[in-house]
Amino acid sequence: MVSDTRWLNQVAWDEQGLVPAIAQDYESGEVLMFAWMNREALEQTAASGEAVYWSRSRRKLWHKGEESGHIQRVHELRIDCDNDVVLLRIEQVGGIACHTGRRSCFFQKYLTDEGWQTVDGVLKDPAAIYGKAKQDGEHNHD
């Protein structure tokens, strides 16, 4: 358990007390997802070694994988030059980061004159992961 939490004071929290957090595969460098963290989420992430986020839609802490089992083991925490974005270099357990059953939440690509197109397939049906269909929504990964 990390007892000295002064390092959290160096984070440039926004007016809601949040900081953007990017989850990146620690081996490949692939960006898997984006979410938000509050102070408690970042502190719990550092202490437990597993990603904990703040769900803005549910207004509560969200331990990634609490429903799906697709936890994120944190290998490294970084912060950007302005101290206002956190980067989690993680191992994605089960290989699925997105609530849609895909490896990454960034599965849509802009194709000229065609708009956004899905370019990465579903690895596992969300109904099989969660026991019911999940609707696309704001960071409803779990």
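In the predicted model, R78 forms a salt bridge with E76, the closest N and O atoms being 2.7 Å apart. With a relative accessible area of 47%, R78 counts as partly exposed, and E76, at 30%, is likewise classed as partly exposed. A salt bridge also joins the side chains of R89 and E76, where the N to O distance is 3.2 Å. Since R89 belongs to strand β6 (residues 86–92) and E76 to strand β5 (residues 72–79), this pair ties together parts that are 13 residues apart in sequence. Elsewhere, D25, E30 and R103 are joined into one network by salt bridges that share partners. Side chains of opposite charge can pair when their charged atoms come close, and a search of the whole structure finds six salt bridges. One of them is formed by the side chains of D4 and R6, at 2.5 Å from N to O; here D4 is partly exposed, with a relative accessibility of 36%, whereas R6 is exposed, at 59%.

Between D4 and R6 in the numbering, T5 is placed in the segment before β1 and counts as partly exposed, with 23% relative accessibility. When residues up to four places away in sequence are not counted, T5 touches R39 and E43. For T5 and E43, which are 38 residues apart along the chain, the separation of the C-alpha atoms is 7.6 Å.

Strand β1 (residues 18–25) pairs with β2 in the antiparallel sense, and seven bridges are found between them. Within this pairing, Q24 stands opposite V31 of β2. The two strands form a hairpin with five residues between them, and G29 in the turn adopts a positive phi of about 85°. Strand β2 (residues 31–38) is largely enclosed by the rest of the structure, because six of its eight residues are buried.

An aromatic pair is formed by F34 and W36, whose arrangement is edge-to-face, with 5.4 Å centre to centre and 80° between the planes. The two members differ in exposure class, as F34 is partly exposed at 26% relative accessibility, while W36 is buried at 16%. Y110 and W116 also form an edge-to-face pair, with centres 5.8 Å apart and planes at 70°, and in this case both residues are exposed. The structure holds three aromatic pairs, the two described here among them.

Helix α1 spans residues 39–48, and its buried residues include A41, L42 and T45. These three cover an arc of only 95° around the axis, and they therefore lie on the same side of α1. An α-helix has 3.6 residues a turn, so residues three or four places apart point the same way. The cover over the buried residues of α1 includes β2, β3, β4, β5 and β6. At the start of the helix, a side-chain oxygen of N38 comes to within 3.3 Å of the backbone nitrogen of E40. Just after α1, G49 takes a positive phi of about 80°.

Positive phi values also occur in residues other than glycine, as shown by R59 and N83. Most residues other than glycine have a negative phi. For R59 the angle is about 55°, and this residue is found in the loop between β3 (52–55) and β4 (60–63). With 61% relative accessibility, R59 counts as exposed. For N83 the phi angle is near 60°, and the residue is placed in the loop between β5 and β6. In contrast to the exposed R59, N83 is partly exposed, with a relative accessible area of 28%.

Conventions. Residues are numbered from 1 along each chain as its sequence is written. Side-chain values use heavy atoms; hydrogens and water are left out. Buried means under 20% relative accessible area, exposed over 50%, partly exposed in between (1.4 Å probe, protein chains only). Helices (H or I, at least four residues) and strands (E, at least two) are DSSP runs, numbered from the N terminus. Two strands pair if DSSP finds at least two bridges between them. A salt bridge is a side-chain nitrogen of Lys or Arg within 4 Å of a carboxyl oxygen of Asp or Glu. Contact means heavy atoms within 4.5 Å. The arc is that of the directions from the helix axis to the C-beta atoms. A polar contact is a pair of N or O atoms within 3.5 Å; within protein, one must be able to donate a hydrogen and the other to accept it, and residues adjacent in sequence count only if both atoms are side-chain atoms. Rings of Phe, Tyr and Trp (its six-membered ring) pair if their centres lie within 6.5 Å; planes under 30 degrees apart count as stacked, over 60 as edge-to-face and the rest as tilted.
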